[in-house]
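The report below describes how the helices and strands of one chain are arranged, and then turns to a few single residues. It is best read with the structure open alongside.

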Amino acid sequence: MSEKSKIIVVSGRPLDDYLVEIVLSFQEGFDTVVVKGYGPNASRVADLYNAVVGRLKDSVEIEEISIGSDRVGRRMKSYLSFRLRRKF
């Protein structure tokens, strides 16, 4: 069985927008959602994780957390990302 995954990049929008996007992604049939934030938005990814767990409680589990750097254009940008899997 093929696993469907969606990537969401966190920027300046309100966290509730991303929370709704995660919930809608699960309702659309995605099995996993990867949330990624570059540079100063990395801390917002951690805040978003806390909001998701607070809202969805035991219906999601975290699969992976990663910290690293990606080449964006000619520069390296640090990131924080996590992968959520729905349990239901």
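## Helix packing

In this predicted model, helix H1 (residues 15–27) packs with helix H2 (residues 42–56) at an angle of about 55°, and their axes are 10 Å apart. An angle of about 55° makes H1 and H2 oblique to each other, because the oblique class takes in whatever is neither roughly parallel, roughly antiparallel nor roughly perpendicular. The crossing of the two helices, H1 and H2, is right-handed. On the H1 side the contact is made by Leu15, Asp16, Tyr18, Leu19, Ile22 and Val23, while H2 contributes Arg44, Asp47, Leu48, Ala51, Val52, Arg55 and Leu56. Sorted by type, the residues of this contact between H1 and H2 comprise 9 nonpolar and 4 charged ones, with no polar residue.

## The sheet and the helices on it

The strands form an open sheet of 4 strands in the order S1-S2-S4-S3, and the pairing is mixed. Strand S1 (5–10) and strand S3 (60–72) are the edge strands, each pairing on one side only. On average, and ignoring direction, neighbouring strands of this sheet are turned by 20° against each other. As a general point, strands of a sheet pair through backbone hydrogen bonds, either parallel or antiparallel. Two of the pairings in this sheet are set out in the table, each with one pair of bridge partners.

| Strand pair | Sense | Bridges | A pair of partners |
|---|---|---|---|
| S1 and S2 | parallel | 6 bridges | Ser5 and Thr32 in S2 |
| S3 and S4 | antiparallel | 12 bridges | Glu64 and Arg83 in S4 |

Helix H1 lies across S1, strand S2 (32–38), S3 and S4, and runs at about 175° to S1. Helix H2 also packs on the sheet, where it touches S1, S2, S3 and S4, and its direction makes about 10° with that of S4. Strand S2 is largely enclosed by the rest of the structure, because 6 of its 7 residues are buried.

## Single residues

Which residues does Leu84 contact, once its neighbours within four places in sequence are left aside? Leu84 is found in strand S4 (residues 75–86), and with a relative accessibility of 0% it counts as buried. Its contacts, with those neighbours left aside, are Ile22, Phe26, Asp31, Thr32, Val33, Tyr49, Val52, Val60, Glu61 and Ile62. Two of these partners, Ile22 and Val52, also take part in the contact of H1 with H2. Leu84 and Phe30 are 54 residues apart in sequence, and the C-alpha to C-alpha separation of Leu84 and Phe30 in space is 10 Å.

Is Ser25, which has its place in helix H1, buried or exposed? Its relative accessible area is 0%, so Ser25 is buried. Not counting residues up to four places away in sequence, Ser25 touches Lys6, Ile8, Phe30 and Val33. Val33 is therefore a contact shared by Ser25 and Leu84, given that contact means heavy atoms within 4.5 Å.

Lys57 lies in the loop between H2 and S3. Most residues other than glycine have a negative phi, whereas Lys57, although it is not a glycine, has a positive phi of about 50°. Its relative accessibility is 55%, so Lys57 counts as exposed, the cut-off for that class being over 50%.

How values were computed:
Residues numbered from 1 in each chain as written. Predicted model: local features only at pLDDT ≥ 70, side-chain atom pairs only at ≥ 80, totals over all residues. Heavy atoms only, no water. Axes fitted to C-alpha atoms, helices over the stretch in contact; angles between N-to-C directions. Parallel < 35°, antiparallel > 145°, perpendicular 65-115°, else oblique. Left-handed = near helix turned anticlockwise from the far one by under 90°. Nonpolar A, V, L, I, M, F, W, Y, C, P; charged D, E, K, R; others polar. Buried < 20%, exposed > 50% of the residue type's maximum accessible area, 1.4 Å probe, protein only. Pairing = 2+ DSSP bridges.
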